[in-house]
Amino acid sequence: MPASAPAGARTAFARAAAKSVATRRRTEPRPVVRFRSSRPDLLICFGLLAVIMLVQGWNITGFPALSDDEGTYLSQAWAVQQGEGLAHYTYWYDHPPLGWIQIAGLTYLPSLIWPESMNVATMRPVMLLISAISAVLVYVLARRLFLPRWAAALAMAAFGLSPLSVYFQRELFLDNIAVMWMLLAFCLAASPSRHLWHQFAAGLAGAVSVLSKETMLLVLPALLVTLWTHSHRETRKFVVTGAITSCALIGLSYPLYALLNNELFASPDHVSLFAGIEYQLSRPGSGFILDAGSGSHKTFQAWLYYDPILPLAGVAAAVLLLLVFRWSVTARAIGGPALAVAILTLLAFRPDGYLPAMYVIQALPFLALVLAGAAASIVHMVLHRRRTEPAGDPAAETTETPGAPATMRDRFRKLLGPRHALVAVLAVLAAVATVPAWAEGNRDALTQDDNRHYRAAAAWFENEIDDPANTRVLVDDALWLDLVHDGYTPGTGVFWFYKADLDPAVMKTIPRGWRDIDYIVSTVTVRRDAPTLPTTAAALANSTPVVVFGTGDDRIEIRRINGGKAAPATGGSR
């Protein structure tokens, strides 16, 4: 437009040009991010990975305390390795077996070289491989969802260094394996190449995730949103149909296995898939998450004890992104993870649902991604929001020649402008609020030994019992494999305490109930669940402590059953 044109006309022309550019940016495809060929991305990602592995691996055998669930999954993996079937007791379709089959593969080589090392504490380091893969996938997914490098680094750091992540990702949980496969599915769904096999493979990876831990079924709608958003318009319906089909075909292998074993339908004569599903759906609820006296509230408070920042800020970020989904390019790109957070949050707020402690594992990567996405959206809004200049203001007109390179002075002026200063202040405030809290939250993980009492109890059974092959012990699964390696007979000599009341095959081997048992190991898990298990409760009531390791709720008592055949042993508190 000529310089002699009125100022109002020039301003209107500039606004029309800006609107045209904005429209073109919305309609043109976003730039493709090639992770493998980007040296800055590789340096950032693997530099962060080294830090994450150091923090998660340091003191991994000492913190957190060994759990019965970890012992169960590792014992089932041991049964697979030994060719004993899908579990160390009767497999009753409580979870799909693919998760602990993968644990069996991860622990196979260490157990082959050092057979005595096949116990929970020494096998925890294999989870570092799962954590490493998941952390890299979070970074890759963030870049494929068009987040800038700093935001992708933020998502990866939040996922790997949050005290919640350090606590849960160290443990041998099926959820960690399922999350890895679901992240792979999201990365394939958002593949910049948009090859059909990538998108079909996303359905396959989603199915493997669900077969690793069935609760990942909740995240599949969010995966479909990502597939829909990041696929070509011309092939979108075909892609989504193909992904659903591939996911369903793999997923149906589980009920097919049950059908071929004549264990699909419930029967009093055998276990069944439908009976397992019915049990999971009918489990007693742990109460409303906001009810101060409920188990769900205690679980929620335990999450916030380790890290209130990622859960609360992540949920708030997901809500923000979903609210601006229609207008924000970033919100549309990251809509799948935001929907995953929304679904998992709503399920956690069921009035009388069951909320296990490891439920949060499934949300961790999506909380980190939406938090980084919201941060990127806010920063972009602050830095690039179009200025509205008053018409006819001579001071608002620029004298720069269009297309001329910016001078060094202009660059510094832009870098040191008020908008960049505001972003810097926000970044400093976020770091001040987060870094000290996470450092304090991870202190126990790096320094505390919560498993010394378990090691002491295992050593006592190894050194103090002369005839382990003919001694019967009731334990939780955190100690089951330790005793098996010490010579106690698996299944009929060392019992997982639940099975003494719930598995007919085990109950046949102890016809007199607690009177056929020599020792019971009283841990926090055994004491918590004993009121619902008559044999365990009677064994505790009719036993005398031989030795006690520790004090308080975390103590471990080795108790001799009164009237059992075991010889009296002396001991005391240690």
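**Exercise 1.** Is Ile-277 buried, partly exposed or exposed?

*Solution.* The structure is a predicted model, and the values below are computed from it.
Step 1. Locate the residue: Ile-277 lies in helix α14.
Step 2. Take its relative accessible area, which is 39%.
Step 3. Recall the cut-offs: buried means under 20%, exposed means over 50%, and partly exposed lies in between. Ile-277 is therefore partly exposed.

**Exercise 2.** Determine which nonpolar surface patch includes Ile-277, and which elements contribute two or more residues to the patch.

*Solution.*
Step 1. A residue in a patch must have over 30% relative accessible area; the value for Ile-277 is 39%.
Step 2. List the members: Ile-277 is joined by Leu-256, Leu-259, Leu-260, Phe-265, Phe-274 and Leu-281. Together these residues have about 760 Å² of accessible area.
Step 3. Assign the elements: α13 (253–260) and α14 (273–281) each give two or more residues to the nonpolar patch.

**Exercise 3.** Describe how helices α11 and α12 are arranged.

*Solution.*
Step 1. Identify the helices: α11 covers residues 220–229, and α12 covers residues 236–251.
Step 2. Consider the axes, which come within 9 Å and cross at roughly 150°.
Step 3. Angles over 145 degrees count as roughly antiparallel, and α11 and α12 are therefore roughly antiparallel to each other.
Step 4. State the handedness: α11 passes α12 in a right-handed crossing.

**Exercise 4.** For the salt bridges Glu-440 to Arg-443, Arg-455 to Asp-449 and Glu-557 to Arg-555, give the N to O distance and classify each partner by accessibility.

*Solution.*
Step 1. Recall the principle: side chains of opposite charge can pair when their charged atoms come close. The cut-off applied to the nitrogen and oxygen atoms is 4 Å.
Step 2. In the pair of Glu-440 and Arg-443, the closest N and O atoms are 3.0 Å apart. Glu-440 is partly exposed at 46%, and Arg-443 is partly exposed at 48%.
Step 3. Arg-455 and Asp-449 meet at 2.4 Å, N to O. Arg-455 is partly exposed at 43%, and Asp-449 is partly exposed at 25%.
Step 4. For Glu-557 and Arg-555, the closest N and O atoms are 2.7 Å apart. Glu-557 has 10% relative accessibility and so counts as buried, whereas Arg-555, at 24%, is partly exposed.

**Exercise 5.** How many salt bridges are counted in the model, and which residues does a network of them link?

*Solution.*
Step 1. The count comes to ten salt bridges.
Step 2. Asp-41, Arg-143 and Arg-149 are linked in a network of salt bridges.

Conventions
Residues numbered from 1 in each chain as written. Predicted model: local features only at pLDDT ≥ 70, side-chain atom pairs only at ≥ 80, totals over all residues. Heavy atoms only, no water. Patch = residues over 30% accessible without salt bridge, like charges linked within 9 Å, V, L, I, M, F, W, Y side chains within 5 Å. Areas by Shrake-Rupley, 256 points an atom, 1.4 Å probe, with all protein chains shown as cover. Salt bridge = Lys/Arg side-chain N within 4 Å of Asp/Glu carboxyl O. Helix = DSSP H or I, 4+ residues; strand = E, 2+ residues; numbered from the N terminus. Buried < 20%, exposed > 50% of the residue type's maximum accessible area, 1.4 Å probe, protein only. Axes fitted to C-alpha atoms, helices over the stretch in contact; angles between N-to-C directions. Parallel < 35°, antiparallel > 145°, perpendicular 65-115°, else oblique. Left-handed = near helix turned anticlockwise from the far one by under 90°.
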